[in-house]
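Student: I'd love to take a close look at one part of this model with you. Could you walk me through the empty space enclosed inside it?

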Amino acid sequence: MKFDNWTVALAALGVVSLASAAKAEEQPSSVMTALASTTLSGYVDTSAQWNLGTGNSYMPPYKFDSPSKADGFNLDVVQVRLDKPLDESDWSAGYRVDLWAGPDANVLGTQSVLSTGKSDFAIRQAYVALRAPVGNGLDFKIGVFDSILGYESVESPNNPNYTRSYGHSIEPQTETGVLASYHFSEMVSASVGIADTIGPAINSRAFAPVQASNPHAESYKTYMGSIAITAPNNFGFASGSTLYGGIVNGFNNSVLGTGLGVPALSAYVGGTLATPITGLRLGAAWDLLNIDTTPNSGAFAGTKDKADIWSIAGYASFQATEKLSFHGRVEYVTGDIDQGFGTVGLGPFGRANSIYAVTATAQYDLWKNVLTRVEFRWDHVEHGEAFGAADPTTGAPTRSNAFMLAANVIYKF
């Protein structure tokens, strides 16, 4: 048995015995064993934007965009992940922690009810992963996890485009609860879960005193479910194509960041299709946010209000070479919103208005571990003006179109 110099020195002083040291070498601590299975990864996300035209008081209200990013260089976010994934054993256990630092961390809105404000720091996910030997294996996430809905990810490097869609912007983002997932076969898998609320705030509640706006009963929780169908390898060119649907229903403690707490339902159907053309994949997504309630507090107490916001998007990705790829997205979003909800979800677009958006992205991965892309985006509001500088007299937006050119550089480690 060989010992390091530090162990030999401690033995000479009588602090430890060589016998106990040998036993420790033969039986490593459970802490060290667990740490040896943990991986550290993440990314640093930076960008530069040029918003054509003068004035950026009114920006298209898709997620992670703001006037502070317009016409300049940006640090978007730094993600650090600690992960111990499940292994193949019957009673496997693990965990994941995703930490965000930077301006985009404030947009997540996961700060708990005990938080005193924004600090450029957020917990994106933090959950315990467990497996029970039921059938093919029943997997659990317990803690804070990403929403089960959506074509696009909160994690920017996983998306085909730099900017997010409107569908992603109206979807639930983060839940605190329990999610169970099961693979029935190679083709079919499903998830069901229960959470405190739909809103992203960690440890939020639908009832007072945590929820002061339109509180509900202590038993009121959020329920969710999804199903995924994946084409197996014997489906020829369509192998790997997916069809996915899901629903989340419960109490949203802050509808799209307005602070208005109401029961809400979010639904999603989307999928990807592999094509006979090498490197070409197509995708589509439909999102719905439905709110139908009679607030029992606030300015509109006793008034029945309803809001329906839905979007549809089409995607195309083409891998031209090993390093070069092209990605496109077209989208339509519209809303039918009662007076009590003002312009929630569509910013300055008003009620019964619509937006069209087209996004084109070129990605070229020149450096190892670095994702580099250039993107052009056009947003158009169907009625009136919604973008640009504020009118000096009325303060209202002044343009019906918004054009943006961006560069995005991400280092993944």
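Student: How many residues line the largest cavity, and which of them lie nearest its centre?

Tutor: Happy to, with one reminder before we start: this is a predicted model, so everything below is computed from predicted coordinates. The lining of the largest cavity is made up of 17 residues. Those nearest the centre are N51, M59, P60, A402 and F403, so these five are good ones to bring up on your screen. The volume of this cavity is about 120 Å³.

Now for the strands around this space. Three of them, β15 (370-381), β16 (387-390) and β18 (401-412), each give at least two residues to the lining of the largest cavity. The largest share belongs to β18, which supplies three residues. The residue numbers of A402 and F403, two of those nearest the centre, fall within the 401-412 range of β18. As for chemical character, the lining of the largest cavity comprises nine nonpolar residues, along with four polar and four charged ones.

It helps to set this space beside the others. In total, the structure has three cavities of 30 Å³ or more. The second largest holds about 80 Å³ of space, and 13 residues line it. Nearest the centre of that second cavity are F64, K69, Y162, T163 and R164. Its lining is made up of seven charged residues, three polar and three nonpolar. Compare that with the largest cavity, where nine lining residues are nonpolar and four are charged.

While you have the model open, here are some strand pairings to trace. Strand β9 (residues 242-252) runs antiparallel to β8 (residues 222-230), and eight bridges join the two. One place to see this pairing is M224, whose bridge partner in β9 is V248. Strand β9 is also joined to β10 (residues 262-274), again antiparallel, by eleven bridges. Here G250 has A264 of β10 as its bridge partner. As you follow such a ladder, keep in mind that side chains in a regular strand alternate between the two faces of the sheet.

One last stop is D308, in strand β12 (residues 305-319). The D308 side chain makes a polar contact with the side chain of N290, at 2.5 Å. Leaving aside residues up to four places away in sequence, D308 touches L288, L289 and N290, and also T334, G335 and D336.

Conventions. Residues are numbered from 1 along each chain as its sequence is written. This is a predicted model: local features need pLDDT of at least 70, side-chain atom pairs count only at pLDDT 80 or more; totals for chains, interfaces and linings use all residues. Side-chain values use heavy atoms; hydrogens and water are left out. Two strands pair if DSSP finds at least two bridges between them. Helices (H or I, at least four residues) and strands (E, at least two) are DSSP runs, numbered from the N terminus. On a 1 Å grid over the protein atoms alone, a cavity is a set of points where a 1.4 Å probe fits but cannot get out, and a pocket is an open set with protein on both sides within 12 Å along at least five of seven lines; lining residues have an atom within 4 Å of a point. Grid points are joined across faces, edges and corners, and a volume is the space filled by probe spheres set on the points. Ala, Val, Leu, Ile, Met, Phe, Trp, Tyr, Cys and Pro count as nonpolar, Asp, Glu, Lys and Arg as charged, and the others, Gly among them, as polar. A polar contact is a pair of N or O atoms within 3.5 Å; within protein, one must be able to donate a hydrogen and the other to accept it, and residues adjacent in sequence count only if both atoms are side-chain atoms. Contact means heavy atoms within 4.5 Å.
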